[in-house]
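Welcome! Take a moment to look over the sequence and the 3D view before reading on.

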Amino acid sequence: YHTLRVILGDQLNAAHHWFRKPEPGVLHLIAELHPEATYVKHHIQKLCAFFLAMENFASALQDAGHHVQYLTLDDTKGQTLESLVLGMADAYQVRRIQLQRPDEYRVMMEYQNIASKASVSVSLTDTEHFMLPFEEIPRHFKAKTTIRMEHFYRKMRQRFNILMEEDHSPVGGNWNYDNANRQALKPKDLAHIPEPLLFGHDVSHILQRIERHDIPYIGTPKATLVWPVSRHDSLTLLQYFCDHLLPNFGRFQDAMTDQTPHGWSLYHSRLSFALNSKMLHPSHVIKAAVLSYRYRKDIDIAQVEGFVRQILGWREYVRGMYWINMPDYHEQNALNAERDLPEYFWTGDTKMNCLAKAIGQSLEFGYAHHIQRLMVTGNFCMLTGIHPDQVDEWYLGIYVDAIEWVELPNTRSMSQFADGGWVASKPYAASGSYIQKMSDYCSSCHYDVKEKVGEQACPLNSLYWRFMIQHRNRMLKNPRIGMIYGNWDKQDKAQQDAALARAEWCLENIEAL
Ligand code: FAD
Ligand code: SF4
């Protein structure tokens with residue numbers, strides 16, 4: 001071979017120009033690596049999903065006539081990415097190493113080391129996945145600076161001509177249908193929630209490998225995997241989403257329920273793993289959704305715009321924020337949060353029903369939908385002041401779709417406000433009344449969502465006020481928040497003291513909540 005190409009586990013893009021036609025002198029390397037499996041404790045389904053998707057990708061390339069070397073954990077014991085790539089280049093006496101740009105800063109540093117140590121030429125090419133070219137990130141984003149998603153999203157809509165009229169106005173007349181998209185589920189809605197499309201892939205051989213190499217993991221191993229692990233699976237899941245879930249996607253995007261077995265997935269696409277591993281291209285997903293909207297009468301603009309916004313807007317935006325702010329992102333802790341993550345984040349064993357449900361399904365499936373991540377677990381961590389490093393570690397490990405470029409801005413910025421406001425204009429802080437409005441969790445909770453003080457009082461209520469008082473000066477910089485303090489200031493001192501005392505008790509006894 002004259003050329004060694006490296007394909008990372010999240011670079012499974014079959015449409016990449018590398019794969020247009022087989023080249024006899026080119027060897028493609030796909031490898032399961034110990035450091036990648038252990039840089040954080042991953043969910044067992046995440047490990048299985050990546051390894052099986054990588055295996056399938058290698059087989060598909062081989063079937064198409066490409067030369068591929070697939071190495072398992074057995075083959076790469078004791079190796080790092082650097083030692084493996086340099087060792088392979090040496091062993092095959094290649095003249096050049098070709099790499100695709102990694103999405104994680106950590107891997108980018110490793111690639112720079114490889115480039116500096118290699119005795120042959122090393123080149124970096126694009127992954128051809130994102131819609132915003134990497135080189136353009138500095139044009140849209142500025143380090144340590146507030147950049148609003150909405151502004152970026154509108155530019156992307158115009159640039160790619162998505163849901164735009166000929167006169168350059170947004171389809172439907174509005175850029176944003178958030179107000180139509182904040183409905184809770186009513187009991188009559190529950191019976192109509194479609195069953196999620198789950199795959200049943202046999203992963204027993206991967207589980208054995210993971211056990212054999214003592215790779216630590218989150219969750220309980222299961223011999224079958226429900227996640228998509230090939231391009232075919234990913235397209236099937238996308239079609240299922242457009243046919244059955246998109247008609248209600250936006251409407252119930254923020255809703256939560258534990259009253260149906262499908263409550264863990266609702267109308268969400270669960271396409272994040274297929275997208276983040278690059279088995280699916282974002283523009284393909286957007287086109288499929290927009291086409292369904294054009295040809296079907298039961299999908300209105302609020303549903304499809306809500307979906308497009310997540311992918312064309314949020315997903316591209318957090319990638320820009322990640323790269324422009326790395327490596328400093330890791331240091332951000334604007335609210336000086338220092339507490340340890342409670343043990344129940346690893347077991348789901350808490351009397352707070354909202355947390356038990358969001359954590360429980362994360363442990364079971366490696367998945368929670370956005371509002372559970374943001375407003376249940378994320379909100380709790382922010383109100384109780386958990387150190388953002390520990391919050392990041394939990395999110396980065398537990399979700400099948402968690403890769404640092406997308407996890408970090410969502411967790412540290414959006415959910416914890418640890419950036420002091422680069423992403424969100426104010427902290428997404430909420431008391432129990434938000435959970436009660438958007439879910440049915442409170443009706444079967446040990447705690448009383450209406451109470452602020454007393455043993456039965458929902459812990460979030462007093463914790464919310466403690467948080468708001470603690471950060472009052474910072475909050476008042478935001479004009480939209482000032483009126484919230486009116487409610488607090490109206491209460492007499494005894495009421496205020498009782499609420500703050502309950503919050504202190506909750507913090508001191510956080511493991512017992
Ligand atoms: P849907 O609800 O069906 O949305 C469609 C797609 O839009 C998703 O697949 C995803 O690609 C994209 N999307 C939606 N919201 C966001 C967002 N805020 N940022 C980026 N893309 C978005 N997403 C990840 O892919 N990986 C993560 O590690 C991750 N960590 C998160 C941590 C926190 C604290 C929060 C609040 C959100 C996080 N998200 C993450 C964003 C979002 O929650 C997930 O993308 C979504 O829940 C995945 O489920 P889905 O595919 O069913 O999404
Ligand atoms: Fe969560 Fe409070 Fe509702 Fe219980 S009462 S489910 S802790 S919001």
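What follows is a short tour of a ligand site, a strand and a loop residue.

Please keep in mind that this is a predicted model.

## The surroundings of ligand 1

A good place to start is ligand 1, which is surrounded by 30 residues. The closest of them are His268, Ser269, Arg270, Asn276 and Tyr367. Two of these, Arg270 and Tyr367, appear again in the table of polar contacts below, together with Gln310.

| Residue | Protein atom | Ligand 1 atom | Distance |
|---|---|---|---|
| Arg270 | polar backbone atom | oxygen | 2.7 Å |
| Gln310 | polar side-chain atom | nitrogen | 3.3 Å |
| Tyr367 | N or O atom in the side chain | oxygen | 2.7 Å |

How much of ligand 1 does the protein bury? Taken alone, ligand 1 exposes 810 Å², and 99% of that is buried by the protein.

What kinds of residue make up this shell? It divides into 15 nonpolar residues, 10 polar ones and five charged ones. Several helices take part: helix H10 (272-276), helix H12 (301-325), helix H14 (370-384) and helix H16 (404-415) each give at least two residues to the shell. Seen by domain, at least three shell residues come from domain 2 (134-325), and at least three come from domain 3 (343-512).

## Strand S5 and its partners

Now let us turn to strand S5, residues 96-100. Is it enclosed or open? Four of its five residues are buried, so strand S5 is largely enclosed by the rest of the structure.

Strand S5 pairs with two strands that you can look for in the view. Strand S1 (residues 3-6) runs parallel to S5 and is joined to it by four bridges; here Thr3 has Arg96 of S5 as its bridge partner. Strand S6 (residues 121-125) also runs parallel to S5, with five bridges between them. On that side, Gln98 stands opposite Ser123 of S6. As a rule, side chains in a regular strand alternate between the two faces of the sheet.

## Thr260 in its loop

The last stop is Thr260, found in the loop that lies between helix H9 (231-245) and H10. H10 is also one of the helices that supply residues to the shell around ligand 1. Is Thr260 buried or exposed? Its relative accessibility is 13%, so Thr260 counts as buried, the cut-off being under 20%. The side chain of Thr260 also reaches the backbone nitrogen of His262, at 2.8 Å.

Key:
Residues numbered from 1 in each chain as written. Chains lettered and ligands numbered in written order. Predicted model: local features only at pLDDT ≥ 70, side-chain atom pairs only at ≥ 80, totals over all residues. Heavy atoms only, no water. Near = heavy atom within 4 Å. Polar contact = N/O pair within 3.5 Å; in protein donor to acceptor, adjacent residues only side chain to side chain. Areas by Shrake-Rupley, 256 points an atom, 1.4 Å probe, with all protein chains shown as cover. Nonpolar A, V, L, I, M, F, W, Y, C, P; charged D, E, K, R; others polar. Domains from an automatic or database assignment. Buried < 20%, exposed > 50% of the residue type's maximum accessible area, 1.4 Å probe, protein only. Pairing = 2+ DSSP bridges.
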